[in-house]
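Biologist: Could you take a close look at the largest pocket for me? Which kinds of residues line the largest pocket, by class?

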Amino acid sequence: MKVLVTYLSQTGNTKKVAEAIFDEIKCEKELATIAATTSLDDYDLVFAGFPVWQFGPAEPAKKFLEEHAAGKKLALFVTHAMDPETTDSATRGILEGILDKCRSAAAAGELEGFFNCRGELSENVASFLLKSNEPAMRRFGEMRDLTVGYPDNDALNSARIFAKEMMQKI
């Protein structure tokens, strides 16, 4: 079996998760950015990771999956700035909608599993959000301090467990 872990990461959040997943795979494997990946033909399973941008999958990752995922076994991993354990129903609804869009990006493939965790909201994005005329956007910008230090060790350990589970499943 041959496995690829491919990812898009601007701030390092998704890269950390990709590396945690990669370390748990015990067969022939490769780690590469989405930008450096030109084909998925040689792989039996592809872990594809990306951050959330503008309430959905990062556009380069979405395009990559649309062009290359057809018929491939996929395990997606997504980073975002929201608390995945939130009990606030409105926030939970927003997060679920975002994650559904991320899953939909892989619709051409065979989605074997899905993992998501909080990542650190960058200062640049937070500053941009804080200048918005929309109160909801400003609230997201204000939550930056709650995201500092993520993904944390618990999230990375959960990513490792996800990788093990996917490998056992396949």
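Modeller: Sure: the lining of the largest pocket splits into 16 nonpolar, 11 polar and two charged residues. Here Ala, Val, Leu, Ile, Met, Phe, Trp, Tyr, Cys and Pro count as nonpolar, Asp, Glu, Lys and Arg as charged, and the others, Gly among them, as polar. Bear in mind this is a predicted model, where local features need pLDDT of at least 70, side-chain atom pairs count only at pLDDT 80 or more, and totals for chains, interfaces and linings use all residues. Residues are numbered from 1 along each chain as its sequence is written, and side-chain values use heavy atoms, leaving out hydrogens and water.

The space in the largest pocket comes to about 780 Å³ (the volume filled by probe spheres set on grid points, joined across faces, edges and corners). A pocket, on a 1 Å grid over the protein atoms alone, is an open set of points where a 1.4 Å probe fits, with protein on both sides within 12 Å along at least five of seven lines; lining residues have an atom within 4 Å of a point. There are 29 lining residues, and Val-52, Trp-53, Gln-54, Leu-121 and Val-125 are the closest to the centre of the largest pocket.

Helix 1 (13-24), strand 3 (45-53), strand 5 (73-80), helix 4 (123-130) and helix 5 (135-142) each give two or more residues to this lining; helices (H or I, at least four residues) and strands (E, at least two) are DSSP runs numbered from the N terminus. Helix 4 has the largest share, with four residues.
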